[in-house]
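Please open the structure in a viewer and keep the sequence at hand. The tour below proceeds by selections, each followed by an account of what is found there.

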Amino acid sequence: MATTKSFLILIFMLLATTSSTLASLEEMVTVLSIDGGAIRGIIPGVILEFLEGELQRIDNNPDARLADYFDVIGGTSTGGLLVAMITTPNENNRPFAAANETVPFYFEHGPGIFSPRPLFPIIPGPKYNSTYLMQVIKEKLGETRLNQTLTEVVISAFDIKTNEPVIFTKSSLAESPELNAKMYDICYSTAAAPTYFAPHYFATTTSNGDPYEFNLVDGGVATVGDPSLLSISVATRLAQEDPAFASIRSLNYKQMLLLSLGTGTTSELYKNYTAEEAAKWGILQWLLPLQEMRSAASSYMNDYYLSTVFQALDSQNNYLRVQENALTGTATKFDDASVANMILLVQVGENLLKKSVSEDNHETYEVALKRFAKLLSDRKKFRANKASF
């Protein structure tokens with residue numbers, strides 16, 4: 001009798017533990033964030049290809065796509081373009097681009113996108129001809145609008161007329177239907193970096209049918225390159241209205257899985273400038289270094305904050321920042337679309353997979369991403385099983 005009772009208690013404990021694990025996985029909110037960085041978007045492109053390949057391998061499904069696994073996917077500038085590629089549906093209502101098609105996109109279109117305007121800089125205007133970029137993304141994305149994306153997306157831009165950031169998210173459309181723009185308008189806007197590409201004007205309609213105008217430039221002006229905090233903010237806001245996000249209503253990051261992909265920062269910045277030298281600079285001399293400094297500082301500070309929060313909640317394994325912090329040479333440039341440099345950026349991404357996550361964490365990014373892929377796969381299966389009952 002005692003043996004039977006002990007056996008029943010053991011079974012109960014196992015069931016309780018399994019139930020708790022299932023609930024935890026079902027409730028976990030998954031977020032993917034991709035930085036801006038122009039041609040350096042090749043680096044996160046390599047990482048996306050690796051992750052999607054792992055998901056396909058684990059689930060034995062060559063048609064598995066990242067949009068099937070992430071609740072929220074956010075991006076700025078070139079990161080916004082990558083978000084659109086992996087979330088915008090094709091005629092079969094599947095992402096029009098697999099992750100392994102993102103890097104070839106840069107190789108095919110990068111040289112055309114970053115082709116200087118004739119007579120630049122003699123004739124005032126942006127460095128690059130905006131026509132090619134618009135033609136390409138319009139051809140790829142068609143007439144698809146924001147509400148048709150396959151998961152929640154977060155793409156930022158900045159309106160230079162209202163002097164306010166504009167955050168394009170599906171979840172905001174009920175209250176702000178004017179945000180339901182065509183994806184090519186959103187993508188061009190988030191990539192329209194001042195001095196590189198012309199600002200973008202387009203109009204949509206309000207709930208009353210009135211025209212609503214946008215005058216937009218690069219989302220990096222609003223979020224300074226790294227949209228990870230913005231992405232989890234959108235997920236947190238959704239927790240107030242969507243039961244699938246309720247587990248993080250009180251900022252419970254234990255129930256969030258966040259993958260943040262950078263486009264690299266440069267170690268050369270600190271070698272090239274001294275206080276004595278910079279003391280002699282005027283506005284023009286500060287322009288490029290200040291852009292690099294702001295980008296690097298934003299990347300560091302966002303990572304610092306998120307790492308601190310996740311560690312404080314004993315859930316540091318739920319957050320992974322994939323970033324190369326020692327770019328050198330042509331790899332540091334945002335607009336070098338030469339074949340040699342693009343090959344170099346691919347190598348940077350591939351080498352990054354073999355590097356340790358940090359000095360304190362000797363797990364390689366490759367191993368960490370495989371662990372993330374397993375969690376994403378398990379969470380998706382549990383949700384599917386729950387929905388089938």
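Begin with Gly-142, just after helix 5, where the backbone takes a positive phi of about 60 degrees. Please bear in mind throughout that the model is predicted.

**Helix 5**

From Gly-142, step back and select helix 5, residues 130-141. Its twelve residues reach 17 Å from the first C-alpha to the last, close to the 16 Å expected at 1.5 Å a residue. At the start of the helix, select Asn-129 together with Thr-131: a side-chain oxygen of Asn-129 comes to within 2.9 Å of the backbone nitrogen of Thr-131.

Next, colour the buried residues of helix 5, namely Ser-130, Leu-133, Met-134, Val-136, Ile-137 and Leu-141. Turn the view to look down the axis: the buried residues fall within an arc of 165 degrees, so they line one face of the helix. Which elements do these buried residues pack against? Display helix 3 (78-87), helix 4 (102-113), helix 6 (183-191) and strand 5 (200-205) to see these partners.

**Leu-146**

Continue along the chain to Leu-146, in the loop between helix 5 and strand 3 (152-159). Leu-146 is buried, with a relative accessible area of 0%. Add Ala-181 to the selection: the two residues are 35 apart in sequence, and their C-alpha atoms are 5.9 Å apart in space. Beyond its neighbours up to four places away in sequence, Leu-146 touches ten residues' worth of surroundings that may be selected in turn, including Val-153, Phe-168, Leu-173, Met-183 and Ile-186.

**The whole chain and its cores**

Now zoom out to the entire protein, which has 13 helices and eight strands. Of its 389 residues, 51% are buried. Among contacts with a separation of 6 or more, 73% are between residues 24 or more positions apart.

In soluble globular proteins, nonpolar side chains tend to be buried together. To view this here, select Leu-32, Phe-70, Ile-137, Phe-168, Phe-197, Leu-259 and Val-322, the residues with the most contacts inside the largest nonpolar core, which has 80 residues. Helix 2 (residues 42-58) supplies the largest share of this core, eight residues. A second, separate core has 19 residues, among them Val-154, Ala-235, Ile-248 and Leu-306.

Centre the view on Phe-70 in order to examine one member of the largest core. Neighbours within four places in sequence aside, Phe-70 is in contact with Thr-30, Val-31, Leu-32, Leu-51, Thr-151, Leu-259 and Leu-376.

**Charged pairs**

Side chains of opposite charge can pair when their charged atoms come close. How many salt bridges does the whole structure contain? A search finds 13, and three of the pairs are visited below.

Select Asp-35 and Arg-321, whose side chains meet in a salt bridge at 2.7 Å, N to O. This pair links distant parts of the chain, 286 residues apart: Asp-35 is in the loop between strand 1 (29-34) and helix 2, and Arg-321 is in strand 8. Are these partners buried or exposed? Asp-35 counts as buried at 4% relative accessibility, and Arg-321 is likewise buried, at 7%.

Move to helix 2 and select Glu-54 and Arg-57, which lie three residues apart, about one turn of the helix. Their closest N and O atoms are 2.7 Å apart, forming a salt bridge. Glu-54 is buried, with a relative accessible area of 8%, whereas Arg-57 is exposed, at 54%.

Then select Glu-363 and Arg-371, a salt bridge with its closest N and O atoms 3.2 Å apart. Arg-371 counts as partly exposed, at 25% relative accessibility. Finally, add Asp-226 to the earlier selection: salt bridges that share partners join Asp-35, Asp-226 and Arg-321 into one network.

**Asn-318**

The last stop is Asn-318, in the loop between helix 11 (283-312) and strand 8 (319-322). Asn-318 is buried, with a relative accessible area of 12%. What does its side chain reach? It comes to 3.2 Å from the backbone oxygen of Met-256, and one of its polar atoms lies 2.9 Å from the backbone oxygen of Lys-254. Show the surrounding residues to complete the view: beyond those up to four places away in sequence, Asn-318 touches Met-28, Tyr-253, Lys-254, Met-256, Leu-257, Leu-258, Phe-310 and Phe-372.

Definitions and conventions: Residues numbered from 1 in each chain as written. Predicted model: local features only at pLDDT ≥ 70, side-chain atom pairs only at ≥ 80, totals over all residues. Heavy atoms only, no water. Helix = DSSP H or I, 4+ residues; strand = E, 2+ residues; numbered from the N terminus. Buried < 20%, exposed > 50% of the residue type's maximum accessible area, 1.4 Å probe, protein only. Polar contact = N/O pair within 3.5 Å; in protein donor to acceptor, adjacent residues only side chain to side chain. Contact = heavy atoms within 4.5 Å. Core = buried A, V, L, I, M, F, W, Y, C linked by side-chain atoms within 4.5 Å. Salt bridge = Lys/Arg side-chain N within 4 Å of Asp/Glu carboxyl O. Expected span 1.5 Å × (residues − 1). Arc of directions from axis to C-beta.
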